[in-house]
Amino acid sequence: EALDLQRALHARSAEEHLLLLEHPHVYTLGTRADLRHVLVPPASVGAELVHTDRGGDVTYHGPGQLVGYPIVDLDESPAGMRDVVAYVRRLEAVLIDVLASFGLDAGREEGLTGVWVGGEKIAAIGVRVARGRTMHGFALNVDPDLTMFDHIVPCGIVGRGVTSLAAQLGAAPPMRAVVDRVVSGFARRFPDRTLERQDVAWDRAPATEAADAGGFRRPPWMKVR
């Protein structure tokens, strides 16, 4: 559902958007993913397996993880090239700022994408750029079930652990507080955009069988103009 929404906004909306949401349990494969990095049948641990067109290898998304999908136009560089690496570094900076606001000393690891705390990954980043416009984005571990990462080689990186805000702080901050700080951090690191925030829903949809089975929370999201 989120992928369909991204594709529609990317193709048909003239405006820019930042979708913030939680997924049901799912493993996603990037364009360079190695299926050997999926260590168990996903259905055996209650997850789906989805092929996507983002960069990178395999990762996990699920409840307790804040996923952000910016759909924004990249600026032209002086040489006329859109700098995707600079965009990824800006996303990392947003997340580093957010984690610092909760008292965590987070940063980058040489040669690796994402945000790290004490040698463990706390946020993954995988993007796609088409026609100068972005899709996909980041996943920040607030309080997910970290054992779900044991069933894959996260991002294809061997020997590195995965952590979360809850694991680092002893208790997770409220998801709404994390969303608020991501919104503020995005506004600070993308200062040329005017933000109009629209919270769609916070509670799990209660009525339908599909919503209950998947545990899907429909996203709060922010429109960027």
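Which side chain meets that of Asp 97 in a salt bridge? In this predicted model, the partner is Arg 188, with N and O 3.9 Å apart. Asp 97 sits in helix H2 and Arg 188 in helix H4, so this pair ties together parts of the chain that are 91 residues apart in sequence. With a relative accessible area of 19%, Asp 97 counts as buried, because the cut-off is under 20%. The overall tally is 13 salt bridges.

As for the general layout, the protein has five helices and eleven strands. Of its 225 residues, 50% are buried. Long-range contacts feature heavily in the count: taking contacts between residues at least 6 apart in sequence, 67% join residues at least 24 apart.

Helix H2 deserves a proper look. It runs over residues 84–101, and its 18 residues should span 26 Å at 1.5 Å a residue; the end C-alpha atoms are indeed 26 Å apart, so the two figures agree. At the N-terminal end, Asp 83 acts as the cap, with a side-chain oxygen 3.2 Å from the backbone nitrogen of Val 85. After the helix comes Gly 103, which has a positive phi, near 90°. The buried residues of H2 include Tyr 87, Val 88 and Leu 91, along with the run from Glu 92 through Leu 99. Charged residues turn up in that buried set too, Glu 92 and Asp 97 among them.

Glu 92 has a relative accessible area of 0%, so it is buried. Its side chain meets that of Arg 89 in a salt bridge, at 3.1 Å from N to O. Both residues belong to H2 and lie three places apart, about one turn of the helix. That spacing fits a general rule: an α-helix has 3.6 residues a turn, so residues three or four places apart point the same way. Arg 89, at 33% relative accessibility, is partly exposed.

H2 also matters for the count of the largest nonpolar core. This core has 33 residues, and the ones with the most contacts inside it are Ile 122 and Leu 140. Two or more residues each come from strand E1 (16–21), H2, strand E7 (112–117), strand E8 (120–130), strand E9 (133–141) and helix H4 (175–189). The largest share, eight residues, is from H2. Ile 122 touches Leu 99 and Leu 104, and its other partners beyond four places in sequence include Val 115, Trp 116, Val 117, Ala 139, Leu 140 and Leu 165. Another core, of ten residues, lies apart from this one and includes Tyr 27, Val 38, Val 58 and Ile 152.

Next to Ile 122 in the numbering comes a less obvious case, Lys 121, found in strand E8. Lys 121 is buried yet has no salt bridge. Its nearest side chain of opposite charge is Glu 92, 8.0 Å away, so that pair falls outside the 4 Å cut-off. What Lys 121 does have is a backbone oxygen, that of Thr 113, lying 3.2 Å from a polar atom of its side chain. Beyond its neighbours within four places in sequence, Lys 121 is in contact with residues including Trp 116, Asn 141, Cys 155, Ile 157 and Val 162.

Strand E9 holds another polar residue of interest, His 136. Its relative accessible area is 4%, so His 136 is buried. The side chains of His 136 and Asp 53 are joined by a polar contact of 2.6 Å. Contacts of His 136 beyond four places in sequence also take in Leu 3, Gln 6, Tyr 69, Pro 70 and Arg 128, among others. His 136 has a positive phi of about 60° despite not being a glycine. The general trend runs the other way, with most residues other than glycine having a negative phi. Arg 131 does this too, with a positive phi near 55°. Arg 131 lies in the loop between E8 and E9, and at 65% relative accessible area it is exposed.

Asp 53 has a further partner in Arg 128: the two form a salt bridge, their closest N and O atoms being 3.4 Å apart. Arg 128 is in strand E8 and Asp 53 is in the loop between strand E3 (48–51) and strand E4 (58–61), so the pair ties together parts 75 residues apart in sequence. Arg 128 is partly exposed, at 32% relative accessibility. Arg 7 joins Asp 53 and Arg 128 in a network of salt bridges.

Methods:
Residues numbered from 1 in each chain as written. Predicted model: local features only at pLDDT ≥ 70, side-chain atom pairs only at ≥ 80, totals over all residues. Heavy atoms only, no water. Helix = DSSP H or I, 4+ residues; strand = E, 2+ residues; numbered from the N terminus. Expected span 1.5 Å × (residues − 1). Buried < 20%, exposed > 50% of the residue type's maximum accessible area, 1.4 Å probe, protein only. Polar contact = N/O pair within 3.5 Å; in protein donor to acceptor, adjacent residues only side chain to side chain. Core = buried A, V, L, I, M, F, W, Y, C linked by side-chain atoms within 4.5 Å. Contact = heavy atoms within 4.5 Å. Lys, Arg positive; Asp, Glu negative; His and termini not counted.
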